[in-house]
Amino acid sequence: MNNKPLILSLTILIIFSLVLAGCSAKNNNSSSNSNTSEKTVVSNTQNSLDAIKKSGKLRIGVDDSFPPMEFRDDQNQLVGYDVDLAKEAAKRLGVKAEFVPTDWSGIILALKANKFDVIWSAMTITDERAKEIDFSPAYLNDSQDVVVNFDNNALKTKDDLKGKVIGVQLGTTGEEAAKKIEGVKEIKKYSKAPESFLDLSNKRLDAVVMDEPVAKYYMAKRPNQYKIVMKLTNETVGIAYRKGDKELENALNDVMKKMKEDGTSAEISKKWFGEDISVFK
């Protein structure tokens, strides 16, 4: 009896079965990957308050070189106005504040990627940023000011800045304000605020555009070194949340409101600025 046809048929059947098994495994893997992707999306958009309370910590994104808001002291400890506010707010939520130093130019992307839970780092509330993240009510009024060396009496108006070199911190509203000044020779961008003040004192810059609290801190720290000559903008500062993270947003906003009402915010403000400049509106 010739077994070749039978062997051929069995071979074809085996190959066909293997192909079907491979397709089935591939479909199962695709389904598994799809489910994993869906879980990841849900994880990144769901309310984080429960997870924060379970972990016992509120992760906070900061630029740790922005005195007096958040900066390193002589012992390399993170201190500042925002730091004190955040620690107290976290305590009232029943958790500890954990600060995550982050480059300012990428801090919004890091928040959206769940590298931390909020940005609490003197972030100006703007319409452009509000397209990507949510903000608390303002807890501080701010402005972008033009700072020059104390012995510079030539710069008094925007027209005087024509042909000059101005320093700004990259990714800030100070950078945006500087771009609107007509006739500037060059805008130098720095990753950290202290770098711009160093270049200003060394005459490598004619002026720096900086948040008023920061400018006043440097003026107090180095009397007769710097001075503010004009104000370019009026701004407000808020805590930044991921879009849709409403439970955390509501809980933290409620804590901040109570801190304002019971005078805690005023005490922290007086510690860093010598007066109560706190708001929550």
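This tour moves through a predicted model, selection by selection.

**The whole chain**

Begin with the entire protein in cartoon view. Its secondary structure comes to 10 helices and 12 strands. If the 281 residues are coloured by accessibility, buried residues make up 43% of them. Among contacts with a separation of 6 or more, 68% join residues that are 24 or more positions apart.

**Strands β1, β5 and β6**

Select residues 57–62, which form strand β1, together with residues 96–101, which form strand β5. The two strands pair in the parallel sense over six bridges. To locate one position in this pairing, display Leu58, whose bridge partner in β5 is Ala97.

Next, add residues 118–124, which form strand β6. The pairing of β1 with β6 is also parallel, and two bridges support it. Here the residues to display are Gly61 and its bridge partner in β6, Ile119.

**A salt-bridge network with Asp64**

Select Asp63, Asp64, Arg72 and Lys192, which are linked in a network of salt bridges. Within this group, the side chains of Asp64 and Arg72 meet at 3.2 Å, N to O. Asp64 counts as buried because its relative accessibility is 17%, below the 20% cut-off. Arg72, by contrast, is partly exposed, with a relative accessible area of 34%. The count of salt bridges in the model comes to 24.

For another of these pairs, select Asp159 and Lys162, whose side chains meet in a salt bridge at 3.9 Å, N to O. Asp159 is exposed, with a relative accessible area of 55%, whereas Lys162 is partly exposed at 45%.

**The approach to helix α9**

Now move to Asp245, in the loop between β12 (226–242) and α9. Is Asp245 buried or exposed? At 1% relative accessibility, Asp245 counts as buried. Display Ser48 as well: the side chains of Asp245 and Ser48 make a polar contact at 2.7 Å.

Proceed to Lys246, whose side chain meets that of Asp134 in a salt bridge of 3.6 Å, N to O. Lys246 lies in helix α9 and Asp134 in strand β7 (residues 133–135), so this pair ties together parts that are 112 residues apart in sequence. Lys246 is partly exposed, with 41% relative accessibility, while Asp134 is buried, with a relative accessible area of 13%.

**Along helix α9**

Select residues 246–261 to show the whole of α9, a helix of 16 residues. From its first C-alpha to its last, α9 reaches 22 Å, close to the 22 Å expected at 1.5 Å a residue. Then highlight Leu248, Glu249, Leu252, Asn253, Val255, Met256 and Met259, the buried residues of this helix. Turn the view to look down the axis of α9: these buried residues fall within an arc of 160 degrees, so they line one face of the helix. The pattern can be read against the geometry of helices: an α-helix has 3.6 residues a turn, so residues three or four places apart point the same way.

After α9, stop at Gly263, which follows the helix and has a positive phi, near 90 degrees.

**Helix α10 and Ser269**

Select residues 264–273, which form helix α10. Its buried residues are Thr264, Ser265, Ala266, Ile268 and Ser269. To see what covers them, display α3 (81–93) and α9, which are included in that cover.

Centre the view on Ser269, which is buried at 0% relative accessibility. Which backbone oxygen does the side chain of Ser269 reach? The answer is that of Glu275, at 2.7 Å. Leaving aside neighbours within four places in sequence, show the residues in contact with Ser269: Tyr81, Gly274, Glu275, Asp276, Ile277 and Ser278.

Finish on Gly274, which is among those contacts. This glycine follows α10, and its phi is positive, near 80 degrees.

Key
Residues are numbered from 1 along each chain as its sequence is written. This is a predicted model: local features need pLDDT of at least 70, side-chain atom pairs count only at pLDDT 80 or more; totals for chains, interfaces and linings use all residues. Side-chain values use heavy atoms; hydrogens and water are left out. Two strands pair if DSSP finds at least two bridges between them. Helices (H or I, at least four residues) and strands (E, at least two) are DSSP runs, numbered from the N terminus. Buried means under 20% relative accessible area, exposed over 50%, partly exposed in between (1.4 Å probe, protein chains only). A polar contact is a pair of N or O atoms within 3.5 Å; within protein, one must be able to donate a hydrogen and the other to accept it, and residues adjacent in sequence count only if both atoms are side-chain atoms. Contact means heavy atoms within 4.5 Å. The expected span of a helix is 1.5 Å times one less than its number of residues. The arc is that of the directions from the helix axis to the C-beta atoms. A salt bridge is a side-chain nitrogen of Lys or Arg within 4 Å of a carboxyl oxygen of Asp or Glu.
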